[in-house]
Amino acid sequence: MLTSFNNPYKTVHSELPLIEKNKKKTFQHIGQSALVFYGVGTGDTESVFVKWMIDNYSYSEIIAIDVIRQYLDSFSSIVSNLEKERHNPVTSFLGINSLFEKIKPKMLWPENSIFKKNTHICLGNTVGNFHQEEIFGIFRNLMKKNEILILGTHLSYNLEKILQAYDTPIFSNFVFSSISHKFPEKNPADIEWLENNLEQLYA
């Protein structure tokens, strides 16, 4: 989970610095897989994943889902420019102009795909537009067993209030269990510790 947050002591404006800082750790889990983006926005952060695939495999498969067609067109242009910068590697790009809940699993498996798994990536504050049960239900429906989910959130309020607002079984199972696994000696609901160690919680 990637976190973008503001607090009185430090500010991280987006997931991008965290992705760059933890690039090696992140991409060793992604490996050779198609990248499925849920919402692309300006595409700046998403392009980091595409660059890595191109640089390491000279090939990438991208499925971009967004309800705003202009974002898909812009992201397609970004990908095209990356190809030219990197001496025209092969890139398969599929843009799906749709609501997430309208997507069917078979839509994420084009017939010409050479990869056997997808990495699902939902960055920015996209997840905040859904009720937790709804968005995680969408992921469950579209993901196969052992596929990776990279989820970003923007925390623009007091961290304690955020934790209280997300005090649900779904959020706890997805986030707190990861923190407990990585830091078994810590209490994942310890506000002071979380504020001081947010960058280390990247996983």
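This is a short talk on one protein model, centred on strand 4 and its surroundings.

The model is a predicted one, so please keep that in mind throughout. I start with the whole chain. The protein has 203 residues, and 47% of them count as buried. Its secondary structure consists of eight helices and seven strands. The accessible surface is about 11200 Å², and carbon and sulfur atoms hold 49% of that. As for contacts, take those with a separation of 6 or more: 72% of them join residues that are 24 or more positions apart.

Now to strand 4, which covers residues 59-66. How many of its residues are buried? Eight of the eight are, so the strand is largely enclosed by the rest of the structure. You can check this face by face. On one side you find Y59, E61, I63 and I65, and every one of these is buried. On the other side are S60, I62, A64 and D66, and these are buried too. Both faces are therefore covered, in keeping with a strand that is largely enclosed.

Next, the partners of strand 4. Strand 3, residues 34-38, pairs with strand 4 in the parallel sense, over four bridges. If you want a place to look, find V36, which stands opposite I63 of strand 4. Strand 4 also pairs with strand 5, residues 90-97, again in the parallel sense, and here there are eight bridges. The place to look in this case is E61, which stands opposite S92 of strand 5.

How does the chain get from strand 3 to strand 4? Helix 3, residues 46-57, belongs to the connection: strand 3, helix 3 and strand 4 make a β-α-β unit. Is that unit right-handed or left-handed? It is right-handed.

In the loop between helix 3 and strand 4 sits S58. Its phi is near 55°, which is positive, and S58 is not a glycine. Most residues other than glycine have a negative phi. S58 is partly exposed, at 47% relative accessible area.

A second residue of this kind is N146, in the loop between helix 5, residues 132-142, and strand 7, residues 148-155. N146 is not a glycine either, and its phi is positive, about 75°. With a relative accessible area of 66%, N146 is exposed.

Back to strand 4, and to what follows it. V67 is in the loop between strand 4 and helix 4, which runs over 69-85. Which residues join V67 in a nonpolar surface patch? They are I68, Y71 and L99, and the patch comes to about 320 Å².

Helix 4 also holds both partners of a salt bridge, D73 and R69. Their side chains meet at 3.2 Å, N to O. The two residues are four apart in the helix, which is about one turn. How many salt bridges does the structure hold? It holds one. Are its two partners buried or exposed? Neither word fits, because buried means under 20% and exposed means over 50%. D73 has a relative accessible area of 41%, so it is partly exposed. R69 is at 49%, so it also counts as partly exposed.

To sum up: strand 4 is largely enclosed, with parallel pairing to strand 3 and to strand 5. After strand 4 come the loop with V67 and then helix 4, where D73 and R69 lie.

Key. Residues numbered from 1 in each chain as written. Predicted model: local features only at pLDDT ≥ 70, side-chain atom pairs only at ≥ 80, totals over all residues. Heavy atoms only, no water. Buried < 20%, exposed > 50% of the residue type's maximum accessible area, 1.4 Å probe, protein only. Pairing = 2+ DSSP bridges. Right-handed = clockwise from strand over helix to strand, strands pointing away. Contact = heavy atoms within 4.5 Å. Areas by Shrake-Rupley, 256 points an atom, 1.4 Å probe, with all protein chains shown as cover. Patch = residues over 30% accessible without salt bridge, like charges linked within 9 Å, V, L, I, M, F, W, Y side chains within 5 Å. Salt bridge = Lys/Arg side-chain N within 4 Å of Asp/Glu carboxyl O.
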